Amino acid sequence: MKKKEFKIMPLQIGWKYLPFKEIRVKSSSFCSSLNGLRIVQLSDLHLTKRVKPDYLKNLVEKINEIKPDIVLFSGDIIQTSALKVKEHLEHFKNLEAPSYYVSGNHDIVYGLKDLNEIMCKNGVVCLDNKIVCINVKGSTLQLVGLSDRYSFVRGIKRPIKELFLKLNPDLSTILLAHQPKDISHVDDFRIDVQLSGHTHGGQIFPISLMVKLFQPYFSGLYMYKKTVLYVTNGLGYWGLNIRYKAQSEIAVLTIN
């Protein structure tokens with residue numbers, strides 16, 4: 001009688017890897033001159049003192065080697081006061097590409113004021129409830145960001161409709177929003193691509209099965225009407241420093 005073969009699923013423990021993942025995003029509405037746009041998406045770092053600052057140093061060096069057009073942080077950068085991981089965050093000043101971020105629910109809990117000051121000082125622009133236009137490949141790219149859905153708990157308003165009404169419908173547009181559920185707000189507006197995180201891909205199976213019940217946009221690429229949504233598993237950990245069947249990732253997206 002043959003023995004059964006058991007497949008050992010990958011288990012990630014702690015901060016040991018730089019798990020870059022290449023993703024091709026097809027958007028028929030994007031300006032053709034922006035074909036080949038390269039984005040590094042960082043999400044759910046959940047930085048604490050347990051993470052060695054050198055990890056961030058190596059991360060930034062590797063991102064610079066990739067030479068993205070922009071770097072976008074989709075929330076939950078910290079899991080403690082930003083002042084306690086100031087040395088970590090200072091490494092972002094060495095990013096060579098234009099860099100932007102939006103807040104996540106954990107950023108709000110641990111203090112946006114200090115996070116905003118440190119990130120701004122190091123050249124990473126806060127995009128919470130803002131629109132910016134940047135020149136990429138000789139064309140104008142429109143970026144819009146939303147603060148996290150948890151904002152209302154701290155009295156932070158999200159003027160979503162008013163903000164989106166200010167968008168230029170003739171420009172290719174990327175929405176940065178921590179929680180993928182914010183895709184429900186794009187119906188009447190030109191949002192070509194939304195980038196989100198928050199779910200961790202469930203982080204640990206079988207807990208991930210329960211997460212799927214509350215997160216219809218769970219992990220990977222989705223199409224919502226005319227908007228392409230990418231939900232990254234993110235890089236860090238919440239709770240236990242373990243991932244099982246939900247590999248951490250640093251998304252490298254190429255839009256064409």
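This passage goes through the cysteines and then the salt bridges of a predicted model.

Cysteines come up first. Across the whole structure, the search turns up 0 disulfides. Cysteine 120 shows how a candidate falls short: the cysteine sulfur closest to its own belongs to cysteine 126 and sits 8.9 Å away, too far for a bond. The cut-off for a disulfide is a sulfur pair within 2.5 Å, so at 8.9 Å cysteine 120 and cysteine 126 do not qualify. As for solvent, cysteine 120 is exposed, with a relative accessible area of 58%. Cysteine 31 comes out as partly exposed, at 32% relative accessibility.

Charged pairs are another story. The same kind of search, run over the whole structure, gives 9 salt bridges. One of these pairs glutamate 249 with lysine 21, with 3.5 Å between the closest N and O atoms. Glutamate 249 sits in the loop between strand 13 (242-244) and strand 14 (250-255), while lysine 21 belongs to strand 2 (residues 20-25), so this contact ties together parts that are 228 residues apart in sequence. The two partners also fall into separate accessibility classes: glutamate 249 is buried, at 5% relative accessibility, whereas lysine 21 is partly exposed, at 39%.

Strand 2 also supplies a partner for another bridge, this one between arginine 38 and glutamate 22. Here the N to O distance is 2.8 Å. Arginine 38 is part of strand 3 (residues 37-42) and glutamate 22 is part of strand 2, so the pair links parts that lie 16 residues apart in sequence. Glutamate 22 itself is exposed, with a relative accessible area of 53%.

A further bridge brings together the side chains of arginine 158 and aspartate 182, at 3.0 Å from N to O. Both residues are in loops: arginine 158 in the one between strand 8 (139-146) and helix 5 (160-165), and aspartate 182 in the one between strand 9 (172-177) and strand 10 (193-196). Because of where the two residues sit, the pair ties together parts that are 24 residues apart in sequence. Aspartate 182 counts as buried, with just 1% relative accessibility. The arginine 158 and aspartate 182 pair does not stand alone, either: salt bridges with shared partners join Arg149, Arg158 and Asp182 into one network.

Taken together, the search leaves 0 disulfides and 9 salt bridges, among them the bridge between glutamate 249 and lysine 21 and the one between arginine 38 and glutamate 22.

Notes: Residues are numbered from 1 along each chain as its sequence is written. This is a predicted model: local features need pLDDT of at least 70, side-chain atom pairs count only at pLDDT 80 or more; totals for chains, interfaces and linings use all residues. Side-chain values use heavy atoms; hydrogens and water are left out. Buried means under 20% relative accessible area, exposed over 50%, partly exposed in between (1.4 Å probe, protein chains only). A salt bridge is a side-chain nitrogen of Lys or Arg within 4 Å of a carboxyl oxygen of Asp or Glu. Helices (H or I, at least four residues) and strands (E, at least two) are DSSP runs, numbered from the N terminus.
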